[in-house]
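Ready to take a protein chain apart, piece by piece? Have a look at the sequence and the model first, then read on.

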Amino acid sequence: MTVAVKETRKLVAHEKLLIDVIKRQAGTLKKAILEGTMNSVEAGATEIDINFLAEKRIVDVLSYLGCWDGRKIRIGVSDVAAAWTDGSSFIALDRSWLKSFTLTSVGSVLGLFTTLCHEMAHDTDTAGTHNHGPEFYEKYYEITKKGSWQNPLHHVYKFSEKMDKERIETKRIQEETKEKDLQESLVAASSS
Ligand SMILES: [Zn+2]
């Protein structure tokens, strides 16, 4: 008799994959965003969400905190899990799960951090079905009770603060670029 086994796979893209694909197809990141935006307008979009900037910001800020026991924070795609780990070198966060977050809400940030603590408590691969035995709970308790910077929960405030700073900085750069483009077009218009 053949028994059907349902297998769930989770994929993690290499951090350089996206930029590599973009560079091959569009040349530069700026051009890729422009093309993406133009395509969306042509397709009748009334709103365009350039999300990978937000995603990158989350990964950058989390990595900056350096409290993940040497595991790299990555973005992945899974339709069954919000996060998973190989037990030692990385913790992946599901792209659409992250997108559902309102990172200005304390609840969302705590949800993100407790999920990361959950993955930290696993020292084996959690990409497939996995156990949550007494050892797991002990480790989770240990991680969240540590009285030092190694405890991710100690960084919740720092994370929110840094995310705010980065958001403001990105906005400032965007506005500067907009102003520069406007000035350039004015110069071009006046010289023609
Ligand atoms: Zn688990």
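Here is a short tour, from the overall build down to single residues.

## The big picture

Keep in mind that this is a predicted model. The chain is built from 7 helices and 4 strands. If you walk along the sequence, you meet them in the order β-α-α-α-β-β-β-α-α-α-α.

So what about the overall shape? For a compact globule of 192 residues you'd look for a radius of gyration near 16 Å, but this chain comes out at 21 Å. Its C-alpha atoms fill a box of roughly 75 × 55 × 25 Å along the principal axes. As for burial, 15% of the 192 residues count as buried. And take the contacts between residues at least 6 apart in sequence: 53% of those join residues at least 24 apart.

## How the strands pair up

Strand S2 (residues 72-77) has two partners to look at. With strand S1 (residues 11-12), S2 pairs in the antiparallel sense over 2 bridges. One spot to find on screen is Val12, whose bridge partner in S2 is Gly76.

With S4, S2 runs parallel, and 5 bridges join the two. Here you can look for Lys72, which has Phe90 in S4 as its bridge partner.

## The nonpolar core

The largest nonpolar core has 18 residues, and the ones touching the most other members are Trp68, Ile73, Ala83, Ile91, Ala92, Leu93 and Leu116. At least two core residues come from each of helix H3 (52-65), S3, S4 and H5. H5 gives the largest share, with 4 residues.

Which residues does Trp68 touch, leaving out those up to four places away in sequence? They are Ile73, Ile91, Leu116 and Met120.

## Two helices, two stories

Helix H5 covers residues 106-120, and its 15 residues reach 21 Å from first C-alpha to last, close to the 21 Å expected. Its buried residues are Leu112, Phe113, Leu116, His118, Glu119 and Met120. What do they pack against? Strand S3 (83-85), strand S4 (90-94), helix H6 (134-145) and helix H7 (156-191). When you look at such a list, remember that an α-helix has 3.6 residues a turn, so residues three or four places apart point the same way.

Now try H6. Why does its length agree with what a helix of 12 residues should span? At 1.5 Å a residue H6 should span 16 Å, and its end C-alpha atoms are 16 Å apart, so the two agree. How many of its 12 residues are buried? The count is 0, so to speak a helix that is hardly covered.

Conventions. Residues are numbered from 1 along each chain as its sequence is written. This is a predicted model: local features need pLDDT of at least 70, side-chain atom pairs count only at pLDDT 80 or more; totals for chains, interfaces and linings use all residues. The radius of gyration is taken over C-alpha atoms; the globule rule is 2.2 Å times the number of residues to the power 0.38. A residue is buried if 20 or more other C-beta atoms lie within 10 Å of its own, exposed if 12 or fewer, and partly exposed in between; C-beta atoms are placed from the backbone. Two residues are in contact if their C-beta atoms, placed from the backbone, lie within 7 Å. The expected span of a helix is 1.5 Å times one less than its number of residues. A nonpolar core is a set of buried Ala, Val, Leu, Ile, Met, Phe, Trp, Tyr and Cys residues joined through C-beta atoms within 7 Å. Two strands pair if DSSP finds at least two bridges between them.
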